[in-house]
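Could you walk me through this model, one selection at a time? Please tell me what to pick next and what I will find there.

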Amino acid sequence: MSLESLTRRRALGLGLGAMVLAGCGGGGGPKQAAQQSSGPATAAPTSYTGPAVSLAFWNGFTGGDGPFMKRLVEQFNSAHPNIKITMNVYQWSDYYSKVPAAVSAGRGPDLGIMHVDSVATNAARQVVLPLDDVATSLSLTEADFSPPVWQAGVYKGARYSIPLDVHPLGMFYNKTVLSKAGLDPDNPPKTGEEYLAALETLKKAGVQGHWATPFPFTGSMQFGSLLHQNGGRLFADDAGVSRFAEEPGVQALTWLVELVNKGYSPKNVGQDADFIALQNGKAAFNWNGIWSINTLREHKDLEWGVAPLPQIGTEPAAWAGSHQFVIFKQRRPDQNKLTAAKVFINWISGHSIEWAKAGQVPARKSIRESAEFKGLKEQAAIGSQIDHLYFLPPVAGIGDASAVVDQAVNAAILLKKSPKDALTEAAAKADKVLEQNRKKYGA
């Protein structure tokens, strides 16, 4: 992945995917938005026989994933002469400000992609349409995906998005570094005990094996994964209160801080320095996103592997994001376009093995279980965590509250505050944000 893509991912970690949506009419919410249907449930899901239509498809795939989506769109257009998809691509931070402004002005795109933690906010602001009828007409159910990613697109009892992929954290490892320390490069640690033993062995060999990053990308993601592994949650299911400062959260953040205190990690790790250390042989392990696969493949002399996150706590869990299809609200709904949009969503989902090659795990179960996906060794390894992924509660403005967690992780890993103090102070701030959001978007 390019430096630009890393920067884009970093921006998402900083919460830009859940920006306040200015300029997009009031808080009428899903009940009012539902008055504009995304189409009759009887619409044909796999074909479109109406008059020729053009659909504007917006997304933020500006990195190495962009060409993969571009090819898929071109293939779709070739196979559907009466539907023309025009794809516009923006930096994600620009996208999340352009879309609501365009919808409010009556010039919005027809459909697009959103990160799952932005769907609820856009639903509350009436930017996107309910899609229960789309799921029905395409015969899509939870069984076609996995419970966590399917439920993540539901806001206030209505579905507002259809999953395209998940992009989880995995454990990347440098085989050469492990071999030099006398560890088995083909059998990376799977448990907390094995992981700490490996770090101790690496330390004795002069290697700081896991560089603890204080940044959202991916320090906060690692914290969230460990929190869930310890049986905790970032927020209550309804996001009424924060929960990350409870004992499981303190245990999770203490574990990361101890990597520094025990000398398994240097102090003051810079942004992306942990990932670079893996590549240049100064670290053995790096917990990073699936998007790292194509970056590492560019290093022809690098011997590396990837596995699910080790289970440090009492249960398996890993952070993940998800790109999801949405259909945007229009001043003058066009049923032909809405039907064509369903055909497009269904076709891309059914051909998402090509999207997997961009460094993603297809959300569609039938694709994940195909021989072709299993042949993508690295993607399949990370994808094996599919039923143990966690997502933020589907509550409007949740990204504003989760950004407060980043501050706690940063302060603790930089040894400025104890894990307990950092989390307790952050929880008080997050609870205020949650209360403000309830007033802003409606309880």
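Let's begin at G442, which sits in the segment after α20. Keep in mind throughout that this is a predicted model. G442 is partly exposed, with a relative accessible area of 34%. This glycine comes right after α20 and has a positive phi, near 95°. Show its surroundings: leaving aside neighbours within four places in sequence, G442 is in contact with K156 and N437. Now add A124 to the selection; 318 residues separate A124 from G442 in sequence, yet their C-alpha atoms are 8.5 Å apart in space.

**Step back into α20**

Select residues 419–441 to see helix α20, which has 23 residues. From its first C-alpha to its last, α20 reaches 32 Å, close to the 33 Å expected at 1.5 Å a residue. Which residues of α20 are buried? Colour P419, A422, L423, A426, A427, A430, V433, L434, N437 and Y441. Next, display the helices that these buried residues pack against: α5 (116–124), α10 (216–229), α11 (247–261) and α19 (398–413).

Just ahead of this helix, pick L415, in the loop between α19 and α20. L415 has a positive phi of about 65° although it is not a glycine, and L415 is partly exposed at a relative accessible area of 38%.

There is another residue of this kind to visit at Q126, in the loop between α5 and α6 (132–137). The phi of Q126 is positive too, near 60°, and Q126 is not a glycine. Is Q126 buried or exposed? Q126 has 8% relative accessibility, so it counts as buried, the cut-off for that being under 20%.

**Into the core**

In soluble globular proteins, nonpolar side chains tend to be buried together. Here the largest nonpolar core has 141 residues, and F223, F244 and F285 have the most contacts inside it. Centre the view on F244 and show its contacts beyond four places in sequence; among them are F223, L227, V250 and V405. The contacts of F244 also include L423, A426, A427 and A430, which you have just coloured as buried residues of α20.

**Along α10**

Stay in this area and select T218, which belongs to helix α10. Look at the backbone on the way in: the peptide bond from F217 to T218 is cis, with omega near 5°.

Further along, H228 is also found in α10. H228 is buried, with a relative accessible area of 8%. Which residues does H228 touch, leaving aside neighbours within four places in sequence? The list is R233, L234, E315, A317 and Y390. Add T314 as well: H228 and T314 are 86 residues apart along the chain, and 9.1 Å separates their C-alpha atoms.

**Over to the sheet**

Now switch to a cartoon view and find the open sheet of 5 strands, in the order β2-β1-β3-β11-β6 and with mixed pairing. Which strands stand at the edges? They are β2 (83–89) and β6 (162–163); each has a single partner strand, so one side of each is left without a neighbour in the sheet.

Select residues 53–59 for strand β1, which runs parallel to β2 and is joined to it by 7 bridges. Two pairs make handy landmarks: V53 stands opposite I83 in β2, and A56 has T86 as its bridge partner there. In β1, 5 of the 7 residues are buried, so this strand is largely enclosed by the rest of the structure.

Bring in two helices next. Helix α3 (residues 66–79) lies across β1 and β2, running at about 165° to β2. Helix α4 (residues 92–104) lies across β1, β3 (111–115) and β11 (323–327), at about 130° to β3.

**Two buried polar side chains**

For the last stops, show side chains as sticks. Q360 lies in the loop between α15 (353–356) and β12 (361–362) and is buried, with a relative accessible area of 1%. Its side chain and that of H167 are joined by a polar contact of 3.3 Å.

Finish at E378, in helix α18 (residues 377–383). E378 is buried as well, with a relative accessible area of 15%. What does the side chain of E378 make a polar contact with? The partner is the side chain of R297, at 2.9 Å. Beyond four places in sequence, E378 touches I293, R297, W304 and V306.

Terms used: Residues are numbered from 1 along each chain as its sequence is written. This is a predicted model: local features need pLDDT of at least 70, side-chain atom pairs count only at pLDDT 80 or more; totals for chains, interfaces and linings use all residues. Side-chain values use heavy atoms; hydrogens and water are left out. Helices (H or I, at least four residues) and strands (E, at least two) are DSSP runs, numbered from the N terminus. The expected span of a helix is 1.5 Å times one less than its number of residues. Buried means under 20% relative accessible area, exposed over 50%, partly exposed in between (1.4 Å probe, protein chains only). Contact means heavy atoms within 4.5 Å. Two strands pair if DSSP finds at least two bridges between them. Axes are lines fitted to C-alpha atoms, for helices over the stretch in contact, and angles run from 0 to 180 degrees between N-to-C directions. A polar contact is a pair of N or O atoms within 3.5 Å; within protein, one must be able to donate a hydrogen and the other to accept it, and residues adjacent in sequence count only if both atoms are side-chain atoms. A nonpolar core is a set of buried Ala, Val, Leu, Ile, Met, Phe, Trp, Tyr and Cys residues joined through side-chain atoms within 4.5 Å.
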